[in-house]
Number of protein chains: 2
Amino acid sequence: MRTLQVDLGERSYPIHIGSGLLSRPELFTPHIAGRQVAIVTNETVAPLYLERLSNTLQGYSVLPVILPDGEAHKNWETLQLIFDALLTARHDRRTTVIALGGGVIGDMAGFAAACYQRGVDFIQVPTTLLSQVDSSVGGKTGINHPLGKNMVGAFYQPKAVIIDTDTLGTLPPRELSAGLAEVIKYGLICDKPFLPWLSSQMSALRGLDAVALTEAIERSCAAKARVVGVDERESGLRAILNLGHTFGHAIETHQGYGVWLHGEAVGAGTVMALEMSRRLGWISVAERDDAIRLLRRAGLPVVPPVEMAPEHFLEHMAVDKKVLDGQLRLVLLRQIGEAVVTAEFPREVLDATLSTDYRALADQLGE
Amino acid sequence: MRTLQVDLGERSYPIHIGSGLLSRPELFTPHIAGRQVAIVTNETVAPLYLERLSNTLQGYSVLPVILPDGEAHKNWETLQLIFDALLTARHDRRTTVIALGGGVIGDMAGFAAACYQRGVDFIQVPTTLLSQVDSSVGGKTGINHPLGKNMVGAFYQPKAVIIDTDTLGTLPPRELSAGLAEVIKYGLICDKPFLPWLSSQMSALRGLDAVALTEAIERSCAAKARVVGVDERESGLRAILNLGHTFGHAIETHQGYGVWLHGEAVGAGTVMALEMSRRLGWISVAERDDAIRLLRRAGLPVVPPVEMAPEHFLEHMAVDKKVLDGQLRLVLLRQIGEAVVTAEFPREVLDATLSTDYRALADQLGE
């Protein structure tokens with residue numbers, strides 16, 4: 001087992017990474033204050049891991065809360081199911097909410113914990129690669145609004161993140177690829193040497209090689225913990241973690257939540273951020289193409305939906321959380337391994353980026 | 001104008017109390033970071049004060065959000081109207097939400113500010129006595145759930161509380177009385193000398209005498225600020241502010257939100273807390289009766305709904321936020337002017353308190 005620490009003063013917490021952690025009660029009990037525990041999970045994950053985790057928590061009063069699966073359900077109606085369950089079972093302020101599942105479960109269970117009785121403890125037990133390397137760390141919680149993704153939520157830190165890498169064994173290949181989008185992101189924004197390693201290990205990663213996956217998860221979590229430790233509430237640096245996300249959120253919102261996986265939209269969105277950085281002269285054509293090839297080798301879409309016109313992107317991007325006083329800010333690459341958040345770009349470069357024929361770009365890169 | 005300070009480290013903020021403050025831009029501008037402002041108010045308050053406040057905020061882009069009036073609307077559906085308005089008008093993270101209204105508006109606007117884009121600034125401009133002396137100070141925000149009052153919410157502090165005492169001129173007498181319930185509460189829990197002053201000033205207060213009201217508001221806010229400064233997140237002392245509230249919430253939930261005003265339910269709930277403290281031998285019959293007479297002179301109900309049986313109270317009280325590990329805790333008076341939060345009481349004393357004939361008790365006190 002490897003253990004990292006997210007340093008946030010009195011809100012600091014450990015990230016444990018390893019095999020078989022779901023069955024180790026001693027990792028959970030230090031973070032459970034009362035006798036009540038609610039395990040929030042979904043219909044897909046519950047048959048796989050709910051019993052195992054419940055057995056680990058013998059001695060506590062365990063309430064399972066099983067939600068429908070998918071980003072399309074990351075809304076108030078589903079969140080309400082958690083409150084209903086907690087109140088019906090009379091869970092009090094000392095209850096601990098455990099999120100057992102992917103990013104959607106973590107975001108919703110975390111937001112429910114942030115709001116229930118004005119805040120109860122919670123623990124992240126992410127079971128998808130994407131949630132293990134990104135969404136379970138850093139305290140961003142929330143739900144979607146029909147007018148924008150993650151528009152309603154809270155910064156609310158977990159008491160611990162417990163990553164059992166065995167859970168990746170049941171992860172569908174499409175979800176694994178979606179997680180790799182965020183892994184590659186860390187290389188692009190702040191860890192250039194990570195990129196050649198990822199390129200050399202891509203087959204091992206997609207083949208669920210335990211050593212490669214553990215290394216990729218640890219390195220990703222370490223990068224995320226560093227950034228969050230500097231800027232917990234995204235007043236500055238933290239926004240670099242959103243490389244590809246402004247374009248990606250527009251894709252997700254336009255297509256309808258859940259049609260594209262979040263990581264898939266980030267994949268295509270990252271291609272757009274790469275292209276815009278190239279147009280600004282900050283990275284070379286070769287660097288752009290290498291990154292696109294890596295995303296494609298991860299099994300990710302590198303072409304935005306053909307039916308999305310520039311005006312569709314602009315409309316959705318106007319409500320992005322990085323918009324300040326009416327100005328759109330984007331995460332772009334000053335160079336490979338160094339992201340910046342900036343509103344300082346000529347409008348025509350954005351327009352050209354949105355009008356680029358990404359289908360043709362992908363085709364010319366070959367296989 | 002009088003100014004108090006709520007001391008919470010980097011989350012400290014001023015409370016300004018006085019006449020004509022709605023028209024003083026210099027009280028607002030230091031707390032508005034961006035160019036966008038959303039004034040959240042309701043159908044009753046908007047015709048009275050929305051234009052005045054909007055004029056004060058000339059130079060900002062002001063978005064009015066007008067909600068239906070009443071505790072019955074303190075729910076997710078109404079909260080959603082705030083998010084809809086903010087997103088449709090493309091308010092970004094630098095927006096400032098201003099709550100213009102009573103406790104329901106303050107709780108909902110504050111919770112919306114806590115959640116919108118994971119947190120934006122907000123300012124409390126309370127227009128009822130109850131919100132001026134209690135709910136606008138201290139950062140408790142939230143909405144009701146069908147199974148319990150204020151069960152979903154956040155601790156989220158305002159940037160400032162601006163109390164224009166002129167707004168009480170349009171307050172219905174029933175609402176004024178409801179506010180006096182919380183004013184009397186401060187005397188009972190932590191400021192014994194306040195009680196004879198309140199007794200001598202009750203006619204002036206109910207007659208809207210400006211000097212008496214300002215003094216009562218300042219003294220109440222000072223008490224609240226002291227308690228909140230010691231225990232922001234209600235891990236201990238702060239719970240004493242809930243004298244009468246556990247019984248009162250049961251009344252509100254059982255009768256249907258909005259049938260009894262919150263302050264009215266607290267009035268009757270306080271009588272029950274007094275009776276229980278008397279049964280425990282902590283206060284005398286005379287002290288109980290003096291306090292009940294003061295509540296009645298404030299225009300408050302001192303008899304719980306006759307149709308509520310002990311089991312109705314117990315059912316609703318079981319989900320109270322002060323329940324910990326299954327144990328009901330109550331705020332009681334160790335003596336007049338000193339409240340305690342305790343689970344240490346014989347069950348039969350609670351049962352006897354719930355079975356007391358409050359109608360007969362009130363009748364025997366005479367006028």
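**Entry 1: the annotated stretch.** I started with the UniProt record, an unreviewed entry, which puts "domain: 3-dehydroquinate synthase C-terminal" on residues 179-323 of chain A. Worth jotting down: what I have open is a predicted model. I looked up the make-up of residues 179-323 of chain A and got 66% helix and 0% strand. The C-alpha atoms at the two ends of that stretch sit 26 Å apart.

**Entry 2: a pair of helices.** Next I picked α9 (residues 245-255) and α10 (residues 262-279), both in chain A. How far apart are their axes, and at what angle do they pack? I found 7 Å for the axes and an angle of about 135°. Angles over 145 would count as roughly antiparallel and 65 to 115 as roughly perpendicular, so α9(A) and α10(A) go down as oblique to each other. I also checked the hand of the crossing of α9(A) and α10(A), and it is right-handed.

**Entry 3: who touches whom.** On the α9(A) side I listed contact residues including F247(A), I251(A) and E252(A). Across from them, α10(A) brings residues among them V266(A), M272(A) and M276(A). Sorting the residues of this contact gave me eight nonpolar, five polar and one charged.

**Entry 4: the two chains.** How many degrees of rotation put chain B on chain A? My note says 180°, with 0.0 Å of shift along the axis and an RMSD of 0.0 Å. That is why I wrote "two-fold axis" beside it. In chain B, W76(B) has the C-alpha nearest the axis, 4.1 Å away. Last check: 100% of the contact residues of chain B recur in chain A, so both copies use the same surface.

Notes. Residues numbered from 1 in each chain as written. Chains lettered and ligands numbered in written order. Predicted model: local features only at pLDDT ≥ 70, side-chain atom pairs only at ≥ 80, totals over all residues. Heavy atoms only, no water. UniProt positions renumbered as here; feature names shortened; annotations may be inferred. Helix = DSSP H or I, 4+ residues; strand = E, 2+ residues; numbered from the N terminus. Axes fitted to C-alpha atoms, helices over the stretch in contact; angles between N-to-C directions. Parallel < 35°, antiparallel > 145°, perpendicular 65-115°, else oblique. Left-handed = near helix turned anticlockwise from the far one by under 90°. Contact = heavy atoms within 4.5 Å. Nonpolar A, V, L, I, M, F, W, Y, C, P; charged D, E, K, R; others polar. Least-squares fit on C-alpha atoms with pLDDT ≥ 70 in both.
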